[in-house]
Amino acid sequence: IIFAIVIYAIFFMMSDFSIVYDKILNFNTTYLPIILLLIPISWLILYLRWDLLLKHNDVNIPIQKNMEIYFSGFALSITPGKIGELLKSQFLKTKFGVPRKITAPLIIVEKIYHLIGLIIMSILGVYYFDISSYIIIGATIFLGLGLLLLSSKKVFNKFLHFINTIKFLSKWTVSLSESYDV
């Protein structure tokens with residue numbers, strides 16, 4: 001975490017400090033209550049989606065414990081790709097005996113939903129703010145390939161066969177194969 005803070009501080013110092021400082025000073029504080037209200041509302045919506053994904057896979061956990069586990073994933077969301085959120089799978093296994101092969105794919109599904117939302121927001125951003133569309137086209141193609149991989153068991157098995165040929169990745173092919181149905 002300290003390393004990430006240092007990296008952000010270096011980027012901040014290397015950017016045009018005066019522009020950033022000026023933007024902070026000229027921030028319109030009338031939007032602050034709206035921002036502070038929308039953040040917990042978005043967390044609640046994300047939790048409800050998580051709860052729905054669990055219930056859809058017959059994982060029933062008391063609401064309070066489920067919320068604690070879900071929000072504990074935020075603690076490691078600073079990790080690259082938010083991979084630290086896989087900690088939720090370990091908590092569910094430790095406290096409730098839910099196998100990781102059921103919950104780990106749900107976290108990946110969450111990331112796919114996040115990516116879909118980001119692409120939709122990016123398309124709206126391009127439409128309203130005229131940002132370069134190459135990034136969005138690339139992300140859409142990447143998402144499409146990922147969804148194709150996950151939607152066809154035949155394609156997924158071919159991908160697993162390819163992964164199995166890579167020595168350090170081959171140990172996970174059995175777990176990935178078992179978690180495909182989730």
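Before I show the main feature, let me say what I mean by a pocket, which is an open set of points on a 1 Å grid, where a 1.4 Å probe fits, with protein on both sides within 12 Å along at least five of seven lines. With that in hand, and bearing in mind that what we are looking at is a predicted model, the largest pocket in this protein holds about 1,200 Å³ of space.

The elements that each give two or more residues to the lining of that pocket are α6, residues 100-129, α7, residues 134-151, α8, residues 153-164, and α9, residues 173-179. There are 32 lining residues altogether, and if you want to find the centre of the pocket on the screen, look for Ile108, Val109, Ile112, Leu150 and Leu176, which lie nearest to it. Helix α6 supplies the largest share of the lining, with 12 residues. As for the chemistry of the lining, 22 of the residues are nonpolar, while 5 are polar and 5 are charged.

How much confidence does the predictor have in this model, on average? The mean pLDDT of the protein is 82, and 96% of the residues score at least 70. Among the elements, helix α3, residues 32-56, has the highest mean, at 92, whereas α9, one of the elements that line the pocket, has the lowest, at 72.

Let me turn to how the helices pack, beginning with two that contribute to the lining, α6 and α7. Their axes come within 10 Å and cross at roughly 155°, and because an angle over 145 degrees counts as roughly antiparallel, that is how α6 runs relative to α7. The crossing of α6 and α7 is left-handed.

Helix α6 also packs with α3, and here the axes come within 11 Å and cross at roughly 140°, so that α3 and α6 are oblique to each other. The crossing of α3 and α6 is right-handed.

The last pair is helix α4, residues 63-72, with helix α5, residues 87-96, whose axes are 9 Å apart and which pack at an angle of about 150°. These two helices, α4 and α5, are therefore roughly antiparallel, and their crossing is right-handed.

Conventions: Residues numbered from 1 in each chain as written. Predicted model: local features only at pLDDT ≥ 70, side-chain atom pairs only at ≥ 80, totals over all residues. Heavy atoms only, no water. 1 Å grid on protein atoms, 1.4 Å probe; cavity = no way out; pocket = protein on both sides within 12 Å on 5 of 7 lines; lining within 4 Å. Points joined across faces, edges and corners; volume = space filled by probe spheres on them. Helix = DSSP H or I, 4+ residues; strand = E, 2+ residues; numbered from the N terminus. Nonpolar A, V, L, I, M, F, W, Y, C, P; charged D, E, K, R; others polar. pLDDT = per-residue confidence, 0-100. Axes fitted to C-alpha atoms, helices over the stretch in contact; angles between N-to-C directions. Parallel < 35°, antiparallel > 145°, perpendicular 65-115°, else oblique. Left-handed = near helix turned anticlockwise from the far one by under 90°.
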